[in-house]
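This report describes a single protein chain, beginning with one loop residue and moving on to the overall fold, the core and the surface. The sequence and the model are shown below.

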Amino acid sequence: MRELGRMFRTHCHSKHSNCPQNAPYIEWTLNNVYHESTAHTPSELFLQKEPHNPLSQFIHFPNNDFPPNYKHKLTLAHEIQLTKSEVRKKRHDKTINAPLFKINDLVLVKTQRLSSQIDKKISKFIPTKLKVLRL
């Protein structure tokens, strides 16, 4: 969902009413991009479609001769996600120290975005803004 928000903010920030026209393009992009967390594309794992490789029309790749084993790909993607989640947890546990703020320290504060039906603005598609405040 975070990535969807980023893509819609990128494509719809100037005119929020264009959101429905951009949805098919954003869906295709997300379904066909390689994801680091699984080492495959969502289309490859869930729709069982091989990813489009423009170089395949010029170069014959040897592993294309065998039919793809989708159960093996799903198992491999699951193992990769488990391994990466363990690494993330270890890294998070090392840096769990909460910051201590004092009076007159400068801090970044995320401003709240508000939707407006009159202006046809959706808060999810408005770029994020940060302010520096003194405690």
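N104 lies in the loop between α4 (70-94) and β1 (106-110), where helices (H or I, at least four residues) and strands (E, at least two) are DSSP runs numbered from the N terminus. The phi angle of N104 is near 75°, a positive value in a residue other than glycine. Most residues other than glycine have a negative phi.

The model is predicted: local features need pLDDT of at least 70, side-chain atom pairs count only at pLDDT 80 or more, and totals for chains, interfaces and linings use all residues. Residues are numbered from 1 along each chain as its sequence is written, and side-chain values use heavy atoms, with hydrogens and water left out.

**Overall fold**

The protein chain holds four helices and two strands, which follow the order α-α-α-α-β-β from the N terminus. Of its 135 residues, 18% count as buried; buried means under 20% relative accessible area, exposed over 50%, and partly exposed in between (1.4 Å probe, protein chains only). The accessible surface, obtained by the Shrake-Rupley method with a 1.4 Å probe, comes to about 11,500 Å², of which 59% belongs to carbon and sulfur atoms. Contacts are heavy atoms within 4.5 Å; among those between residues at least 6 apart in sequence, 48% join residues at least 24 apart.

**Core**

The largest nonpolar core consists of seven residues: M7, F8, C12, C19, I26, L30 and F125. Such a core is a set of buried Ala, Val, Leu, Ile, Met, Phe, Trp, Tyr and Cys residues joined through side-chain atoms within 4.5 Å. Two or more of the core residues come from each of α1 (2-12) and α2 (19-32). In α1, the buried residues are G5, M7, F8, R9 and C12, and their cover includes α2. Leaving aside residues up to four places away in sequence, C12 touches N18, C19 and N22.

**Surface**

F46, L47 and L74 make a nonpolar surface patch of about 330 Å². Patch residues have over 30% relative accessible area and no salt bridge (a side-chain nitrogen of Lys or Arg within 4 Å of a carboxyl oxygen of Asp or Glu), and nonpolar side chains (Val, Leu, Ile, Met, Phe, Trp, Tyr) are joined within 5 Å. The accessibility of F46 and N104 is set out below.

| Residue | Place | Relative accessibility | Class |
|---|---|---|---|
| F46 | helix α3 (residues 42-46) | 64% | exposed |
| N104 | loop between α4 (70-94) and β1 (106-110) | 47% | partly exposed |

Key:
Patch = residues over 30% accessible without salt bridge, like charges linked within 9 Å, V, L, I, M, F, W, Y side chains within 5 Å.
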